[in-house]
Amino acid sequence: MKKILIAYDGSDYAKKALLKGKEIAEKFGSSIKVVYVVDDTPFRRGLMETDVAFQKLKEAVLEKSHGMLEEGLKDLKDFSGKVDSAIEFGHPAHKIIEVAEKEDMDLIVMSNRGLGSFQKAMLGSVSHKVLSHSKVSVLIVK
């Protein structure tokens with residue numbers, strides 16, 4: 001196992017997944033890529049990417065996302081292997097799968113739930129979609 005993708009959204013659940021991914025990477029000498037996916041569906045409702053309002057909203061969300069990702073990366077400071085990170089815009093499940101397959105990852109590590117009460121009610125719809133549709137092995141951390 002050479003490359004591990006960790007899906008991170010800033011939630012306590014995602015932090016558990018991040019730490020589990022780190023533990024696995026340490027045991028196998030793997031590199032880690034942490035991906036934070038911004039669900040852009042709400043931005044597309046009535047706004048075009050060329051709209052000033054869309055760009056301002058995207059910049060604000062991107063700034064907040066960077067902060068959350070940086071906070072998560074602090075837990076990897078003592079990791080001796082290679083760590084890469086990225087912020088992606090799109091549907092979270094689709095982007096996680098896309099990045100994992102495009103970058104030839106060996107394992108996706110993610111939590112069973114994410115941020116927000118709606119996602120909790122959906123019982124981890126993103127993790128379920130990734131698990132169901134990814135060609136890459138997936139570890140769901142409870």
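## Exercises on a predicted model

In this structure, Lys3 has Ser31 of β2 as its bridge partner. The model is a predicted one, and the exercises below work outwards from this pairing of strands.

**Exercise 1. Determine how many bridges join β1 to β2 and how many join β1 to β4, and state in which sense these strands run.**

Solution. Begin with the pair to which Lys3 and Ser31 belong: β1 and β2 run parallel and are joined by five bridges. Turn next to β4, covering residues 107–111, which pairs with β1, residues 3–7, over three bridges and likewise in the parallel sense. One of the residue pairs between these two strands can be named, since Ile6 has Val109 of β4 as its bridge partner.

**Exercise 2. Place the strands in their sheet and work out which of them stand at the edges.**

Solution. Step one is to write down the order, which is β3-β2-β1-β4-β5 in an open sheet of five strands with parallel pairing. Step two is to look at the ends of that order: β3 (83–90) and β5 (137–141) each have a single partner strand, so one side of each is left without a neighbour in the sheet. Step three concerns the twist, for which the average turn between neighbouring strands is 25°, direction ignored. As a last step, consider how far β1 is covered: four of its five residues are buried, so β1 is largely enclosed by the rest of the structure.

**Exercise 3. Set the sheet into the whole chain, and find which strands α1 and α3 lie across.**

Solution. The protein chain holds five helices and five strands, and from the N terminus on they follow one another as β-α-β-α-β-α-β-α-α-β. Helix α1, residues 12–28, lies across β1, β2 (31–39), β4 and β5, and runs at about 170° to β1. Helix α3 lies across β1, β2, β3 and β4, at about 150° to β2. For the chain as a whole, 42% of its 142 residues count as buried, and of the contacts between residues at least 6 apart in sequence, 76% join residues at least 24 apart.

**Exercise 4. Decide whether Ala14 is buried or exposed, and list its contacts beyond its neighbours within four places in sequence.**

Solution. Ala14 is a residue of helix α1. Its relative accessible area is 1%, and because buried means under 20%, Ala14 is buried. With neighbours within four places in sequence left aside, Ala14 is in contact with Ala7, Tyr8, Asp9 and Ser111. Of these partners, Ser111 is 97 residues away along the chain, yet the C-alpha atoms of Ala14 and Ser111 are separated by 5.3 Å.

**Exercise 5. Describe how α3 and α5 pack, and say which residues make the contact.**

Solution. Start with the geometry: helix α3 (residues 92–102) and helix α5 (residues 125–133) pack with their axes 8 Å apart and at an angle of about 40°. The two helices are therefore oblique to each other, and α3 passes α5 in a right-handed crossing. On the side of α3 the contact is made by Pro92, Ala93, Ile96, Ile97 and Glu101, and on the side of α5 by Val126, Lys129, Val130 and His133. Sorted by character, the residues of this contact comprise six nonpolar, one polar and two charged.

**Exercise 6. Identify the buried residues of α3, and compare Lys95 with Asp104: which is buried and which is exposed?**

Solution. First, the buried residues of α3 are Pro92, Ala93, Lys95, Ile96, Ile97, Val99 and Ala100, and these buried residues pack against β1, β2, β3, β4 and α5. Second, take Lys95 from that list: its relative accessible area is 17%, and because the limit for buried is under 20%, Lys95 is buried. Beyond its neighbours within four places in sequence, Lys95 is in contact with Val37, Glu88, Phe89 and Gly90. Third, move on to Asp104, which is placed in the loop between α3 and β4. Its relative accessibility is 55%, and because exposed means over 50%, Asp104 counts as exposed. Finally, examine the backbone just after α3, where Asp104 takes a positive phi of about 55°, a positive value in a residue other than glycine.

Notes
Residues numbered from 1 in each chain as written. Predicted model: local features only at pLDDT ≥ 70, side-chain atom pairs only at ≥ 80, totals over all residues. Heavy atoms only, no water. Axes fitted to C-alpha atoms, helices over the stretch in contact; angles between N-to-C directions. Parallel < 35°, antiparallel > 145°, perpendicular 65-115°, else oblique. Left-handed = near helix turned anticlockwise from the far one by under 90°. Contact = heavy atoms within 4.5 Å. Nonpolar A, V, L, I, M, F, W, Y, C, P; charged D, E, K, R; others polar. Pairing = 2+ DSSP bridges. Buried < 20%, exposed > 50% of the residue type's maximum accessible area, 1.4 Å probe, protein only.
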